[in-house]
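Student: I would like a close look at a single part of this model, namely the salt bridges and the surroundings of the residues that form them. Please treat the partners one after another.

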Amino acid sequence: MRTTRLQLLFLGLLLVALVTDVSARQHRRKHRTTTTTEPSLQDEVMNMLEADEIAEDENRDAEVTFENVGNELASKKQRLIEVDPCMNKHCGAGRICKSTEDGIAECVCVEVCDQEVDPRRKVCTNYNETFGSDCEVYQARCFCDTGDTRCRGPDYKHVHIEYYGECKQMPMCKEEDMADFPRRMRDWLFNIMRDLADRQELPSHYLKMQREAETNMTLRWTNAAIWKWCDLDGHPHDRTVSRHELFPIKAPLMALEHCIAPFFDSCDADNDHLITLVEWGKCLQLDEDDIDEKCDELAEASSNLQ
C-alpha cells in the first residue's frame, strides 16, 4: 500500500517537474528581471512525502511506547506482588490477608474490629444478640470456622446478621398485614427499580425491562419481581435464592417491616431454604404464566457489556 502511494507521488513529481520547467521558461521570457520566494509545486510534493514519512515513524514509535508502558506496568505489578503477596489475595468478611515468613498470602481472622460510635452501626443476629458492628459478627464466625479458642460456641459457626440496629422485640405480623404485604412488596420492588433507572444505576439489560414496566401494567410487577430475583441469585448462579442471598433486602427492612421475615419464610414453600422463581412469583401473588425465567439471558447481556 505504501509502495503504491510512493510510486504515484513519484510520477506526480515527474509531471510537476516537467510542467514547472515549461512554466519557468515561459516566465523567464516574459519577466526576465523578476524573482519569487514562493515554494514551487515540486517543493510542496517533497514536503508531502517528508510529512508522510514522519507520520509513519511517529505511529511506529507510539506503538512501541504503548507496548513498553504495558510491559512496565505488568512488571511493576509483579514486583509489588513479590514484595506484598497480599496485593493479589482476596479474603472474605471477617478476615484479612497476612503474609507468612515464606512469603505466602493467607487469610486470617480480623484480630480487632474498629469501635463504632454510631448506634446505627450495631446489628442484631439470628440469636437475637446485639453486636457492635457487622465486623464483630463475621469475626465471631471466623473464630469458630478456624478452631480459634476465642470461638463463643459451636452455634456461632452459623451466626449471621438478622437486621441492622439493636435487637428489639418485633411486633407480631397480623393476618391483615400479611395479606397486604405482597402488594406492598411489589410496589417497593418497582419503585426501587425505577429509582435506580432515574439515577442511571440500572444496567442496560435491566433498564429495558424497567421501561417496559412503565408502559405495561402487567409487566409493572412481573418485570420488577424478575429483576430482583435475578439480581439476588448471585454466586452461585443456581436459579435459586438462598436465605443468605436475601440478606441485602431483608436486613435493611426488617426493623421497619416486621412482616418481612415471615413473608420470606412463606415464600420457601417446601422449606428447603431456597426460593425458586416460581415460589417467588406465587409469594408476590403473580400469575405463573407471566413469570419468565430470563436470568441466563440477562447474565449473558451483562457479560457482553463488560
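Tutor: In this predicted model, D180 has a relative accessible area of 28% and is therefore partly exposed, since that category lies between the buried limit of 20% and the exposed limit of 50%. The side chain of D180 meets that of R183 in a salt bridge, with 2.8 Å from N to O. R183 is likewise partly exposed, at 37% relative accessibility. Both residues belong to helix α4, which spans residues 175–198; because they stand 3 residues apart there, about one helical turn separates them. As a general matter, side chains of opposite charge can pair when their charged atoms come close.

A further pair is formed by D195 and R199, whose closest N and O atoms lie 2.2 Å apart. D195 has a relative accessibility of 33%, which places D195 in the partly exposed class. For R199 the relative accessible area is 43%, so R199 is partly exposed too. R199 also forms a salt bridge with E201, and here the closest N and O atoms are 3.1 Å apart. E201, at 48% relative accessibility, counts as partly exposed.

Shared partners also link salt bridges into a network: D180, R183, R184, D187 and E257 are joined in this way. The pair described at the outset, D180 and R183, thus has its place in that network. In total, the structure holds 16 salt bridges, among them the D180–R183 pair, the D195–R199 pair and the R199–E201 pair.

Conventions. Residues are numbered from 1 along each chain as its sequence is written. This is a predicted model: local features need pLDDT of at least 70, side-chain atom pairs count only at pLDDT 80 or more; totals for chains, interfaces and linings use all residues. Side-chain values use heavy atoms; hydrogens and water are left out. A salt bridge is a side-chain nitrogen of Lys or Arg within 4 Å of a carboxyl oxygen of Asp or Glu. Helices (H or I, at least four residues) and strands (E, at least two) are DSSP runs, numbered from the N terminus. Buried means under 20% relative accessible area, exposed over 50%, partly exposed in between (1.4 Å probe, protein chains only).
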